[in-house]
Amino acid sequence: MRLILYAILAFVIYYLFKGLSGKGTQMPRRRSEQPPEAGKELKMDPVCGTYIPEDTPYRLRHKGTTHYFCSEECLKTYKKQIAEGKTE
Ligand SMILES: [Zn+2]
């Protein structure tokens, strides 16, 4: 009986940590887990992991690669990361 309780406790702790971990202090955002629709190219926001259409106005070309963002906020965060040398 005791072992089962420990197993449940471990399970609960695991899920708590899983829910808390991720993008640091950033607010959790709604993520699109669905596969891209046919005919519409979706790009992943490197900051928050959201999938956005390629025609987003929030883009940044950096070292030959175009990065796409869901919002100005993420674009700014990415620019900051570049400035701090936290990204390639
Ligand atoms: Zn974003």
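Two residues are in contact if their C-beta atoms, placed from the backbone, lie within 7 Å. That rule underlies much of what follows. The model described here is a predicted one.

## Overview

The protein has 88 residues, and 11% of them count as buried. It holds 2 helices and 4 strands. Along the sequence, these follow the pattern α-β-β-β-β-α. A helix therefore opens the pattern and a helix closes it.

Confidence comes next. The mean pLDDT of the protein is 85. A value of 70 or more is reached by 77% of the residues. Among the elements, helix H2 (residues 72–83) has the highest mean pLDDT, 96. Helix H1 (residues 2–20) has the lowest, 89.

Contacts can also be sorted by distance along the chain. Take those in the protein with a separation of 6 or more: residues 24 or more positions apart account for 19% of them.

## Helix H1

H1 has 19 residues. At 1.5 Å a residue, H1 should span 27 Å. Its end C-alpha atoms are 27 Å apart, so the model agrees with the expectation.

Does H1 lie in the open or under cover? The number of buried residues in H1 is 0, so this helix lies largely in the open.

## Helix H2 and the core

H2 has 12 residues. From its first C-alpha to its last it reaches 16 Å, close to the 16 Å expected at 1.5 Å a residue.

Which residues of H2 are buried? They are Cys 74, Leu 75 and Tyr 78. Seen down the axis of H2, these buried residues fall within an arc of 105 degrees, so they line one face of the helix. The face turned away from that buried side carries the exposed residues Glu 72, Lys 80 and Ala 83.

What covers the buried residues of H2? The cover includes strands E3 and E4. Leu 75 gives a detailed view of its surroundings. Leaving out residues up to four places away in sequence, Leu 75 touches Tyr 58, Leu 60 and Phe 69. Of these, Leu 60 falls in strand E3 (59–62).

The largest nonpolar core has 8 residues. Its members are Val 47, Cys 48, Tyr 68, Phe 69, Cys 70, Cys 74, Leu 75 and Tyr 78. H2 supplies the largest share of this core, 3 residues.

Just after H2, Gly 85 takes a positive phi of about 75 degrees.

## The E3 and E4 hairpin

E3 and strand E4 (residues 65–68) run antiparallel, and 4 bridges join them. Two of the bridge partnerships can be named. Arg 59 has Tyr 68 as its bridge partner in E4. His 62 has Thr 65 as its bridge partner in E4. Tyr 68 is also a member of the largest nonpolar core.

How many residues stand between the strands of this hairpin? The number is 2. Lys 63 is found in the loop between E3 and E4. Phi of Lys 63 is near 50 degrees, a positive value in a residue other than glycine.

## Three exposed residues

A residue counts as exposed if 12 or fewer other C-beta atoms lie within 10 Å of its own. Three residues that meet this rule are listed here.

| Residue | Other C-beta atoms within 10 Å |
|---|---|
| Pro 57 | 9 C-beta atoms |
| Lys 63 | 8 C-beta atoms |
| Glu 72 | 10 C-beta atoms |

Why does Lys 63 count as exposed? Lys 63 does so because it has 8 C-beta neighbours inside 10 Å, and the cut-off for exposed is 12 or fewer.

Where is Pro 57? Pro 57 sits in the loop between strand E2 (51–53) and strand E3 (59–62). Pro 57 and Tyr 68 are 11 residues apart in sequence. In space, their C-alpha atoms are 8.4 Å apart.

Glu 72 lies in helix H2, on the face turned away from the buried side. Glu 72 and Arg 59 are 13 residues apart along the chain. Their C-alpha atoms are separated by 9.0 Å. Arg 59 is the residue whose bridge partner in E4 is Tyr 68.

Terms used: Residues are numbered from 1 along each chain as its sequence is written. This is a predicted model: local features need pLDDT of at least 70, side-chain atom pairs count only at pLDDT 80 or more; totals for chains, interfaces and linings use all residues. A residue is buried if 20 or more other C-beta atoms lie within 10 Å of its own, exposed if 12 or fewer, and partly exposed in between; C-beta atoms are placed from the backbone. pLDDT is the predictor's confidence in each residue, from 0 to 100. The expected span of a helix is 1.5 Å times one less than its number of residues. A nonpolar core is a set of buried Ala, Val, Leu, Ile, Met, Phe, Trp, Tyr and Cys residues joined through C-beta atoms within 7 Å. Two strands pair if DSSP finds at least two bridges between them. The arc is that of the directions from the helix axis to the C-beta atoms.
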